[in-house]
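Subject: the structure I promised you

Hi,

Here is the structure we talked about, ready for you to open next to the sequence. Have a look first, and then read on for what turned up.

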Amino acid sequence: MQTRREVEVAVVGAGVIGTSAALALQRSGKKTLLIEQYQFGGSHGSSGGGSRIVHYVNTGCSSLASILQDAMKRWRELDDEVDDQLLVSPMKMLMVGKAKETVEKLATSVQDSCSITPSQANSKYKTEYSEEYTMFEYPGAAVLRADLSRAALLRLYQESGGEVLEGWKVAEIAGGEEDGRVRVRGPNGEVRASSVVLCPGPWAGYLLHNLGVDLPLQPIKSRVCFYQRGEFPDIVLLDSTDVSDMVYLLPALDIPNSLKVGYSGVEVHPDDPDPDLSRTEEEVKEYVAEHLSLGGKHSHQDCWYTNTPDKTFILDHHPTFPNIVYAVGFSGRGFTVAPTIGHILACMVTGRDHGFNISPFSASRFSTEPKSMV
């Protein structure tokens with residue numbers, strides 16, 4: 001059956017960013033339609049999985065600090081609003097890295113960080129790091145039940161009167177209608193909206209290119225590995241030796257007595273059904289063998305994220321059609337900031353003051369400012 005709909009706002013992409021934006025828009029009084037190309041509950045895109053790290057450590061620009069703080073507050077408020085326990089907190093984080101200046105800078109971005117020597121960490125956490133590492137502990141991290149959190153956002157959105165189209169792939173978005181509306185087209189029909197919010201995850205480059213905006217986005221597919229906990233304590237660990245591509249470890253909240261370890265990935269087209277991720281898996285295995293006293297690996301899961309050159313997300317309006325806004329390139333930190341980004345996107349649509357300096361996240365920071373070719 002072909003869809004023919006007219007709405008105030010269409011949000012394309014029902015990952016955690018898009019669903020957060022849809023909820024904020026619906027609660028602001030805008031009649032909103034959330035469009036998702038897959039059926040809900042699947043593991044496609046960047047928002048699947050059982051657990052995510054949430055923390056204040058600022059690996060980006062100074063304007064990100066207030067967003068990180070606000071996002072943690074909003075996650076706690078959401079946790080209080082729903083019946084499910086979404087956040088496991090507080091949880092201690094161990095940040096390590098070979099670049100001393102980088103680690104020390106990261107430590108200054110959070111309160112209550114405490115330096116620790118590799119020998120102290122090895123004794124306390126049963127790790128194996130050499131003296132070339134610099135590290136600190138931070139007590140204010142949390143682990144988020146990712147699938148439950150996304151489901152809670154969707155449930156609240158629908159309870160607020162928001163509508164969804166699932167299994168509805170978007171093929172084209174077109175602005176410039178005589179009445180100023182935006183057309184969202186796909187094989188299953190057409191939606192016309194006064195405003196459109198694009199949160200399409202790894203498919204962002206394709207949709208924006210067809211709108212005449214080319215951005216330096218890298219869709220990355222990665223493989224996270226699940227290990228038996230062994231004697232390893234209940235902490236979050238980040239290795240910032242390569243700050244643009246950190247090794248991370250956290251409790252796997254959906255798998256008993258297990259830890260989730262991830263690292264780098266490979267750049268692939270988001271519709272590639274079976275990229276070779278064996279090297280990514282091998283890098284995780286090598287890191288665990290060298291530094292961590294874990295039990296055996298028992299399973300893995302593939303996931304997506306989208307990088308920008310500076311590993312910082314992009315929030316902007318289309319240069320020709322200001323009623324099209326987009327949030328892309330979260331470089332693996334989308335879950336951390338999702339509720340605040342949703343609030344900001346809603347305000348970008350409604351014209352309300354969102355209270356943040358988002359100019360550092362504009363697409364114009366890249367060497368060639370995106371221009372419409374429409």
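Let me start with one pair of helices: helix 1 and helix 8 are oblique to each other. The angle behind that is roughly 45°, and the two axes come within 7 Å. Helix 8 covers residues 334-350, and helix 1 covers residues 16-27. Before I go further, please keep in mind that this is a predicted model.

The crossing of helix 1 over helix 8 is right-handed. If you want to click through the contact, helix 1 brings V16, I17, S20, A21, A24 and L25. From helix 8 come G334, F335, A338, P339, I341, G342, H343, L345, A346, V349 and T350. Sorted by class, that contact of helix 1 with helix 8 holds 12 nonpolar residues, five polar ones and no charged ones.

Helix 1 has another partner in helix 5, which runs over residues 146-159. Here the angle is about 25° and the axes are 9 Å apart. That angle makes helix 1 roughly parallel to helix 5, since anything under 35 degrees counts as such. Helix 1 passes helix 5 in a left-handed crossing. On the helix 1 side, V16, T19, S20, A22, L23, Q26 and R27 make the contact, and on the helix 5 side R150, L153, L154, L156 and Y157 do. The split for this contact of helix 1 with helix 5 is seven nonpolar, three polar and two charged residues. You will find V16 and S20 listed in the contact with helix 5, and also in the contact with helix 8.

While you are on helix 5, take a look at A151, which sits in that helix. Is A151 buried or exposed? At 39% relative accessibility, A151 counts as partly exposed, because that class lies between 20% and 50%. A151 and L237 are 86 residues apart in sequence, with their C-alpha atoms 26 Å apart in space.

Back to helix 8, which also packs on helix 2. That pair has an angle of about 95° between axes that are 7 Å apart, and this makes helix 2 roughly perpendicular to helix 8. Helix 2 contributes L64, I67, L68, D70, A71, R74 and W75, and these meet F335, T336, V337, A338, P339, T340, I341, H343 and I344 of helix 8. By class, the contact of helix 2 with helix 8 has 11 nonpolar, three polar and two charged residues.

Helix 2 spans residues 64-81 and includes D79. An aspartate may not be what you would look for under the surface, but D79 counts as buried at 18% relative accessibility, because the cut-off is 20%. Leaving out residues up to four places away in sequence, D79 touches D84, Q85, L86 and L87. D79 and S149 are 70 residues apart along the chain, yet 8.4 Å apart in space from C-alpha to C-alpha.

Next, helix 3, residues 100-108. Which residues of helix 3 are buried? They are V103, L106 and A107. Looking down the axis of helix 3, these buried residues fall within an arc of 105°, so they line one face of the helix. On the other side of helix 3, E101, K105 and T108 are exposed. Among the elements that cover the buried residues of helix 3 are strand 4 (87-97) and strand 6 (134-144).

Strand 4 also holds P90. The peptide bond from S89 to P90 is cis, with omega near -10°.

Last, a couple of backbone oddities in loops. N257 is not a glycine, but has a positive phi of about 55°. N257 lies in the loop between strand 13 (247-251) and strand 14 (258-262), and is exposed, with a relative accessible area of 57%. K311 is not a glycine either and has a positive phi of about 60°. You will find K311 in the loop between strand 16 (297-307) and strand 17 (314-317). K311 is partly exposed, at 28% relative accessible area.

Shout if any of this is unclear.

Cheers

Note on methods: Residues numbered from 1 in each chain as written. Predicted model: local features only at pLDDT ≥ 70, side-chain atom pairs only at ≥ 80, totals over all residues. Heavy atoms only, no water. Axes fitted to C-alpha atoms, helices over the stretch in contact; angles between N-to-C directions. Helix = DSSP H or I, 4+ residues; strand = E, 2+ residues; numbered from the N terminus. Parallel < 35°, antiparallel > 145°, perpendicular 65-115°, else oblique. Left-handed = near helix turned anticlockwise from the far one by under 90°. Contact = heavy atoms within 4.5 Å. Nonpolar A, V, L, I, M, F, W, Y, C, P; charged D, E, K, R; others polar. Buried < 20%, exposed > 50% of the residue type's maximum accessible area, 1.4 Å probe, protein only. Arc of directions from axis to C-beta.
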